[in-house]
Amino acid sequence: MGNKKTLEEIRKIFENDRFATENGTTIDEIGEKSAVCSLTVTPSHRNAMGAVMGGVYFMLADFAFAVAANHEKMGCVSLRSDISFLGAAKGERLIAKAVCIKDGKSSACYRVDVTDDLGNLTATATVTGYKVG
């Protein structure tokens with residue numbers, strides 16, 4: 001089994017990502033260079049028009065990237081992120097799935113799709129990470 005961390009151990013490590021965790025994000029799954037994170041939408045996540053604020057999608061996508069890029073070995077930080085908002089969430093939960101699409105020596109690229117619990121694709125992000133460690 002080696003030095004592989006359990007999901008509970010990884011959740012404990014990422015409790016220190018307080019902005020994300022204190023705003024309701026959870027780590028649901030981890031895989032090889034991938035992660036699934038989610039949050040339940042509350043009134044505090046909504047904008048003046050009643051829709052989920054764009055920053056919520058970005059926070060969730062960024063957190064999913066951080067978990068996917070660092071749960072095996074800490075040391076990858078976001079260098080550049082690009083997000084496209086594709087549609088309003090209609091469900092009660094947002095789910096971000098981060099997958100590594102290129103893992104190089106000093107950088108990595110991840111795609112993060114954010115859906116609601118009804119399966120609607122609400123946002124997609126591309127994140128370039130820099131390996132500092």
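## A covered strand

How many of the ten residues of β5 are buried? Seven of them are, so that β5 is mostly covered, given that buried here means under 20% relative accessible area. The model described here is a predicted one, and the sections below begin with the neighbours of β5 before turning to the core and to the charged side chains.

## The partners of β5

On one side of the pairing pattern, β4 and β5 run antiparallel and are held in register by nine bridges. One of the residue pairs that can be followed in the structure is Cys100, whose bridge partner in β5 is Tyr110. The connection between these two strands is a hairpin, in which three residues lead from β4 to β5.

The strand β5 also pairs with β6, again in the antiparallel sense and with nine bridges. Here Ala108 can be matched with Gly129, its bridge partner in β6. The hairpin of β5 and β6 has four residues between the strands, and within this hairpin Gly119 takes a positive phi near 95 degrees.

## The nonpolar core

In soluble globular proteins, nonpolar side chains tend to be buried together. In this model the largest nonpolar core has 35 residues, and those with the most contacts inside it are Tyr57, Val67, Leu94, Val112 and Val114. At least two residues of this core come from each of α1 (7-14), β2 (34-40), α3 (54-70), β3 (76-85), β4 (93-103), β5 (107-116) and β6 (121-131). The largest share belongs to α3, which supplies twelve residues.

Val114 is a useful residue to select when looking at the structure. Leaving aside residues up to four places away in sequence, Val114 touches Tyr57, Leu60 and Ala61, then Leu94, Ile95 and Ala96, and also Asn120, Leu121, Thr122 and Ala123.

## Salt bridges in and after α1

Side chains of opposite charge can pair when their charged atoms come close. The structure holds six salt bridges, and one of them links Glu8 with Arg11, whose closest N and O atoms are 2.5 Å apart. Why are Glu8 and Arg11 separated by about one helical turn? The reason is that the two residues are three apart in helix α1. Glu8 counts as exposed because its relative accessibility is 53%, a value over the 50% cut-off, whereas Arg11, at 28%, counts as partly exposed.

Another salt bridge is formed by the side chains of Lys12 and Glu15, with 3.4 Å from N to O. In this pair Lys12 is exposed, with a relative accessible area of 54%, while Glu15 is partly exposed at 42%.

## A link across the sequence

The side chains of Lys33 and Asp103 also meet in a salt bridge, with a distance of 3.3 Å from N to O. Because Lys33 lies in the loop between β1 (26-31) and β2, and Asp103 lies in strand β4, the pair ties together parts that are 70 residues apart in sequence. Both residues are partly exposed, Lys33 with a relative accessible area of 28% and Asp103 with 36%.

This pair does not stand alone, since salt bridges that share partners join Lys33, Asp103 and Lys131 into one network.

Technical notes. Residues are numbered from 1 along each chain as its sequence is written. This is a predicted model: local features need pLDDT of at least 70, side-chain atom pairs count only at pLDDT 80 or more; totals for chains, interfaces and linings use all residues. Side-chain values use heavy atoms; hydrogens and water are left out. A nonpolar core is a set of buried Ala, Val, Leu, Ile, Met, Phe, Trp, Tyr and Cys residues joined through side-chain atoms within 4.5 Å. Buried means under 20% relative accessible area, exposed over 50%, partly exposed in between (1.4 Å probe, protein chains only). Contact means heavy atoms within 4.5 Å. A salt bridge is a side-chain nitrogen of Lys or Arg within 4 Å of a carboxyl oxygen of Asp or Glu. Two strands pair if DSSP finds at least two bridges between them.
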